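Open the structure in your viewer and keep the selection panel at hand, for this tour goes from one selection to the next.

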Amino acid sequence: MNLAVLVRSDVRLLWRHGFAIAYLVVAILYAAIISALPREWADAVLPVLAWSDPAFFCFFFAGASVCLDLAQGTFGALFATPLRPAVYIAVKAANLSVLAFAMAAAVSASSRGADFRPWPLAASCLAGGIPSAILGASLALRLKSINRFLIGSMPAFLFLALPVVQYAAGRWLPPWFGMIAAMTPADGALRLARAAYQAVPVPELAVGLAAAAVWSAALSILVLGPAVAAARAD
Amino acid sequence: MRGNAMRLVAADVRMVARDPLLMLMPFVPFLAAGALRFFLPLLSAFVDKATGFRIMEYADLARVVITLFPGMFYGMVAGFLLLDDRDDGVSAYWGATPVGRSGYLAARLGLFSVAAFAAGLAVGPVLGLGRIGAAGTLGTAALGAAQVPFIALFLAAFAANKVEGLSILKALSGLDMAPIAIYLSLPIRAVGWPFPQYWAAELALGRNAPPVVALVLGVMTSVLWTVILAARYRRRVD
């Protein structure tokens, strides 16, 4: 399998589908709003903004891509290639994460200039985007049509969103909520996003990265694999 | 023709009612409002403590946004249905049926608009935060319902497929913030003027324009967008 060819053709698809322009529009809008906010307000919002885009949008993007592939019959053709479905979805998520990173970096620069760390931001985009995309793709394979996916995936979407609830309102919520939020697929990504703007202990970041990797592997094997097998059998 | 259009509406209702997942769709705005009712006060306390900004002082604006939300959400669903029909080649055949292409659009968008209007009226009490008067609620729900053709036709007119539809929705998500523009000063505030969502907030909160003027401008912008997008959609199907 030529990974470079896969990445290149997927980047071309992203461009053709207008994602670069969509991200540009949203980045300008966010940058205008964030730069108008006082610094301490922007500091509170930036980690959520940087985290939410890959974590949430990769989820829906992967789902919509799979729905399109199913409708056009191209998903079946994938089985005739040596390409593994998890790699196919991960490459899609990684490419979209690059766009999400560019947007987050531009929005951060509009508020803080060069006063942010790009590497944790980039790691956050990947750590949030890949497991979310695998989950979104798996659900789309089960739900099959885009409207069924948009509605049927809500519980999984809310599950993905738990870390931001903990971030915003953790001190008023019971401790068990924090423990559950810490075990969700995109929690590590939020820790990395925070590290782009403030000091976060290195072990916490290492655990966050490891958790994202474990979630990606577990979702690929336990959720995406059976979903692909079921779609193949249909 | 009217009877045929009603049969089309009935078929859409049956399609939603047959599928347990799609049957949840009308309730999604209420779930969102219920979640906000719980989450917004908690978020407000956090943001107040961290930054001194009091979100709850803008609860009326949150009520406007949640009243507009059913139109946005149902519009998205209607748009993806139009895309499905176009991808399957069904749209092109409606012109040859007694319903006609206009009847097809009117039936599909009308059903979702009526649902969005009813949900817009009912969703405010579920949120339970903020207060806008009865006339403001009616007007906001009506402008919210007008978002159904706006979003649906935008998707169907410009997206080549569902994935492109998602990228267009991402760009359109900026419109969620249009009501915030009422708090900006001129000339930046003028960025919101072409969009009905901005006029809905002016109508409900009466900050920079009398409610009647806001309603008239909101209706005018909605109609203008619908006419332009419907023409673009027809060209695309042809």
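Does A:Met179 count as buried or exposed? Keep in mind while you look that this is a predicted model, and select A:Met179, which you will find in helix H9 of chain A. Its relative accessibility is 55%, and because residues over 50% are called exposed, A:Met179 counts as exposed.

Next, widen the selection to A:Phe159, A:Trp176, A:Met179, A:Ile180 and A:Met183, which together make a nonpolar surface patch of about 540 Å². If you then colour helix H9 of chain A, residues 175-182, you will see the element that gives the patch its largest share, namely three residues.

Now turn to chain B and show it as a cartoon, where you can follow 11 helices and zero strands, so that from the N terminus on the elements run α-α-α-α-α-α-α-α-α-α-α. The radius of gyration of chain B is 18 Å, close to the 18 Å that the globule rule gives for 238 residues, and chain B is therefore as compact as a globular protein of that length. Reduce the display to the C-alpha trace of chain B, and along its principal axes it spans about 60 × 40 × 35 Å.

To look at the inside of the chain, select the buried residues, which make up 53% of the 238 residues in chain B. Among the contacts in chain B with a separation of 6 or more, 73% are between residues 24 or more positions apart.

Finally, switch on the surface of chain B, whose accessible area comes to about 10,400 Å², with 70% of it belonging to carbon and sulfur atoms.

Technical notes: Residues are numbered from 1 along each chain as its sequence is written. Chains are lettered from A and ligands numbered from 1 in the order in which they are written. This is a predicted model: local features need pLDDT of at least 70, side-chain atom pairs count only at pLDDT 80 or more; totals for chains, interfaces and linings use all residues. Side-chain values use heavy atoms; hydrogens and water are left out. Patches are made of residues with over 30% relative accessible area and no salt bridge: like charges are joined within 9 Å, nonpolar side chains (Val, Leu, Ile, Met, Phe, Trp, Tyr) within 5 Å. Accessible areas come from the Shrake-Rupley method with a 1.4 Å probe; for residues, only the protein chains shown count as cover. A salt bridge is a side-chain nitrogen of Lys or Arg within 4 Å of a carboxyl oxygen of Asp or Glu. Helices (H or I, at least four residues) and strands (E, at least two) are DSSP runs, numbered from the N terminus. Buried means under 20% relative accessible area, exposed over 50%, partly exposed in between (1.4 Å probe, protein chains only). The radius of gyration is taken over C-alpha atoms; the globule rule is 2.2 Å times the number of residues to the power 0.38. Contact means heavy atoms within 4.5 Å.
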